[in-house]
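Trainee: Could you take me through one part of this model in detail? I would like to look closely at a cavity and the aromatic residues around that part of the chain.

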Amino acid sequence: MKKRCANKLIAAFLTVTFLAGIVPPIPAQAAMSFTNVSGWAQAEVAKAETLGLIPTRLVGADLTKPATREEFCEIAVLLYEGKKGAAAAPVSPNPFTDTTNPNLLKAYNLQITSGMTPTTFSPGTSISREQVAVMFRNTIRALYPAEDFSTAGAPAFTDLGDISSWAMDSVLYAGRKGFLQGTNGAFMPKGITEQQKATGYGTTKREQAIAIAVRIHAAFGAPGDTQAQEAAAFAAKERKIKALIKTTTPPAESAKFEQIDFKNRFFRPVFNPKTTLEAVDPATGKASSTPFHTLIRSNGTGMGTFRWTLPADTLARTSKVLWQVSFVPFDGKPVNTLSKLPAALLLSGSTAPGTKTFTVDFGKVRQADDALRKPGTGVLPGILFIPSLKKATDILALSAATTQKDLAPRTYYVRAYPVDSRGNSIGDAGTGLPVIYGRPLPAHTYSASTVSSAEVVPLNPGLVLQRPVITLPGDVYDYKLKMAKSSGKMTYGGEFPNNFEDKVEAYVTNTSSKLYSVTPIAFPATTTELRLQVSLARFTNLTDNWLDPAGLVFETSLPASDPAFALLNTSSSQGLVIDFSKFVPPDAELPAKELIDYHVRVVALSPGETGGTLKPAYSNAVRVHYGINQAPEIKIYPEIKVTPRIPKAERISYTPIRWEASGWQYHYVVTRQPTIREVFGGNSLLPNTPYAAMPVGAKLDMTPVPEDKSWWEDMWDAITSFFSDLVGFLADVANWVSKAYANLKTGLIAFVASNLPFIPDSLRDELQTALMAMVDYGLASIGIPPSLPNFDELSSMGVDYLAATALQQAGLPADATMVEGVKEVGGAIVSGAQSAANTGGSPNPMGWDFVKPDPDFLYRPAYILIDLYNPYTEATPAGSVSGDVMKAMDMKKNGFDSTVTALFAYYGSTWVTLFKPVYGQTIPSLAPGQRMTVPIFLEEFVGIPFAPTCPPVEKGGFSLMYYGLGEFDFNFSIAYDLPTAAEEAKKQGMTQEAIYSYTSPYQNLSFKTLPTAALTK
């Protein structure tokens, strides 16, 4: 139907130049005698003989009989070809199963008629008078599109109420022109009653159809005189085409936002799965369906437990529940047995309807992810280098060998959906519950720069800050740490109890028990984990991150779910036990006259305001001096900071959201300059030269204007008809994008196979796999939905980043060869994306394959660009970027500021989040001197809650945040896969006996800005 609407608009218009002398007129038939014809029709039938308007099949036939659809089409085609002076072309391929008559196929191709169904024409069916009016009007429109088809002055037929609405304009036009006349003031459009139908009331006889053809022929002049009219019609059509070429300014962003239905969007669709899926927090044992608030540590078992529930009516129909894990959100639509597996599927399984939980091994998920994307595995930075204390380095090596390191965080999506006995999903399958796997991110805390020498600021609001009995400069803590009276097992009561005391230092000798206990007092009630840390370096709570403190030699954890957690500070508690045998040197290697000074603290970890983060509360640090019993001195090793050789962040920029306009489907842009033949119908007689009025980049506005339908009735009808099935149109757009993606992937693989000779043959297959993964998953993994029709615009941002990531995933090292490869592959990505988007023809009312949706009217997510530069003579380490966009509302304004009051009333949270957090987006290694732009696309925080106790954020809440809450904190950091600080110190020529630590293993990129304001710094 859409193709035919488009063809209706672009029926062949031939200029005078191209018509003159090319196709001779079809000769008229020889005069024939008809006996079975009514008296009133004899003169017009005779005229029809001389004009060649009587089909061969009707020669000698009874013309008083009703005409069939086949006979009428033959008459209409003879009229068209006689006036045109050229043969019409039949449609090909033939869509019908019940006719091969070329004249019927010509009439169909000319839009004179259509089939009774998409595959049947019903040639033998008789034709009504109102159908004749429509078909003859279509014939005239095909011949003379500039004709005045108005109905003013038409006869006032007494049976107007019997005329079908779709035929009304055609009947009135034919009546006004005198082509069709009524009887006694009635038009008789069709049989209404059974009696009328039985008597043939309202049908059109063969002689009537022939007579009407003769009248039309006479009204528009002699055969072959259409050239001047065609030239005028061509000019008229060109005026209408040019009327589409105009630059329409998109509405203001706020106006576009107001028109969006967030529950029914093409660009960020919302799905409603039947399953309620909850993740069981491994630290607390509690289940939550709040996205991004489940953190599964990679230094533990890596197992995640999920609980699902279904409505009773759905459960009764459920054969089994399928679960799947992906590293990008799933397409949330329903699935069936013929659906393709999700492209980024990493792990899957099923459970019986009676089993309400399933367990996911995220270690296997990460392995499958690594195998798919081939990223370098991360190693947390080490921090110790003391050459003279040999066993200290050995001890650190032992600790590293026996303790699983936390990996950089990544977001995985887990979904579960019910299927029926045929294997089809019941309802939407869902996009998945986001789960963070890896090390946690630090929550928002006060930094050293916020604390002056004259004041002490608590690290966590609501906690009373105290000073330890003995302080060192910079010591600040949140709660008290008590120490055991002596080493060994804790005992309470009796003559010589070993209980906890308020003190800040203790001695443990090599001859006593190697077990020593401490216990935290009055730590936060929200604590989910207590982490005991022992270091050779003094802790500075305001500046050191608890994830990687300098000089760390021992660490143990007590989760809130452990029964020992509940026993703390009771007469049965052993506290948190330090096993010195795990890290102290053997007796024979202890310094004879020195004690080793160990610093001890406990970090109480609570969930941060953003999912995947943990908020630390620090105890005061205490000291344990260890060594030979008579050792008189304590040796303190200097602490030296090492600056990591990581890329320099030269610039960071933020670009706000560009919302989709409500009528985005009507706006297009020319992607290549078409020819005249392409614009005006593809007829081979039209010039195949460029159409100058449509250069590349020309804007087209096809918005129909109902109150000005006369601007070109057939174009208005075609456009409104094309978009009447909006669901079908959106499906066509999605299919077009899918095909464009496939073309992009195919083109890239072909490019790699033939144009990158510097790639070692051993890596060529891996590189092709990496490029396929980048196209299939890479854009989505950085936040670009693969269904967006402006994917070429988005993928061109940070194209060097995409290329470098693919090359390094394939195993190509960050060197000069890789830099050259980035240029080559990056250029292929840009040209491939543009080619994929600009060819093949996105769906549009005109059927043109040289236009695509205008990006100025399409949705584009907010994004951040980070410009990195490697100033060093060696490659920088790879890393990952994470972050969030949040704001702590000033609750002093609650009740006074309407925005703060409304948001707090809606969600009950003092913290609000504007965009969904980013976890673990890859940062590839940079070759010496290389520059790279890393894009981070941001998705609106809509449809999910800030915290488990909050309701989901709706459009109104997001509007208040985005437009009315002022500046937000954009906090992003890059964690690099650094060698140990000691190894880096050696590389930089440092040999002093010292405890080395990095100035910062993270690269913090934070700024404040209004969400609606672009920023570059």
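Mentor: Here is a walk through the second largest cavity, followed by the aromatic pairs. A word on the ground rules: this is a predicted model, in which local features need pLDDT of at least 70 and side-chain atom pairs count only at pLDDT 80 or more, while totals for chains, interfaces and linings use all residues. Residues are numbered from 1 along each chain as its sequence is written, and side-chain values use heavy atoms, with hydrogens and water left out.

Let's begin with the empty space. Seven cavities of 30 Å³ or more are present in the structure. A cavity here is a set of points on a 1 Å grid over the protein atoms alone where a 1.4 Å probe fits but cannot get out, and lining residues have an atom within 4 Å of a point. Grid points are joined across faces, edges and corners, and the volume is the space filled by probe spheres set on the points. The second largest cavity comes to about 60 Å³. Its lining is made up of Pro-409, Arg-439, Leu-441, Ser-880, Ser-882, Ser-973, Ala-975 and Tyr-1002. Two elements give two or more residues each to that lining, strand S28 (879–888) and strand S31 (968–976); strands are DSSP runs of E, at least two residues, and helices are runs of H or I, at least four, numbered from the N terminus. By character, the lining residues divide into four nonpolar, three polar and one charged (Ala, Val, Leu, Ile, Met, Phe, Trp, Tyr, Cys and Pro count as nonpolar, Asp, Glu, Lys and Arg as charged, the others, Gly among them, as polar).

Now to the aromatic rings. The count comes to 41 aromatic pairs, where rings of Phe, Tyr and Trp (its six-membered ring) pair if their centres lie within 6.5 Å, with planes under 30 degrees apart stacked, over 60 edge-to-face and the rest tilted. Tyr-479 and Phe-523 are edge-to-face, because their ring centres are 6.4 Å apart and their planes lie at 70°. This pair links distant parts of the chain, 44 residues apart. Both Tyr-479 and Phe-523 are buried, meaning under 20% relative accessible area, against over 50% for exposed and partly exposed in between (1.4 Å probe, protein chains only).

Strand S31 comes back in a stacked pair: Phe-970 and Phe-1007 lie 4.7 Å centre to centre, with 15° between the planes. Phe-970 is in strand S31 and Phe-1007 in strand S33 (residues 1002–1009), 37 residues apart. Phe-970 and Phe-1007 are both buried as well.

Notes:
On a 1 Å grid over the protein atoms alone, a cavity is a set of points where a 1.4 Å probe fits but cannot get out, and a pocket is an open set with protein on both sides within 12 Å along at least five of seven lines; lining residues have an atom within 4 Å of a point.
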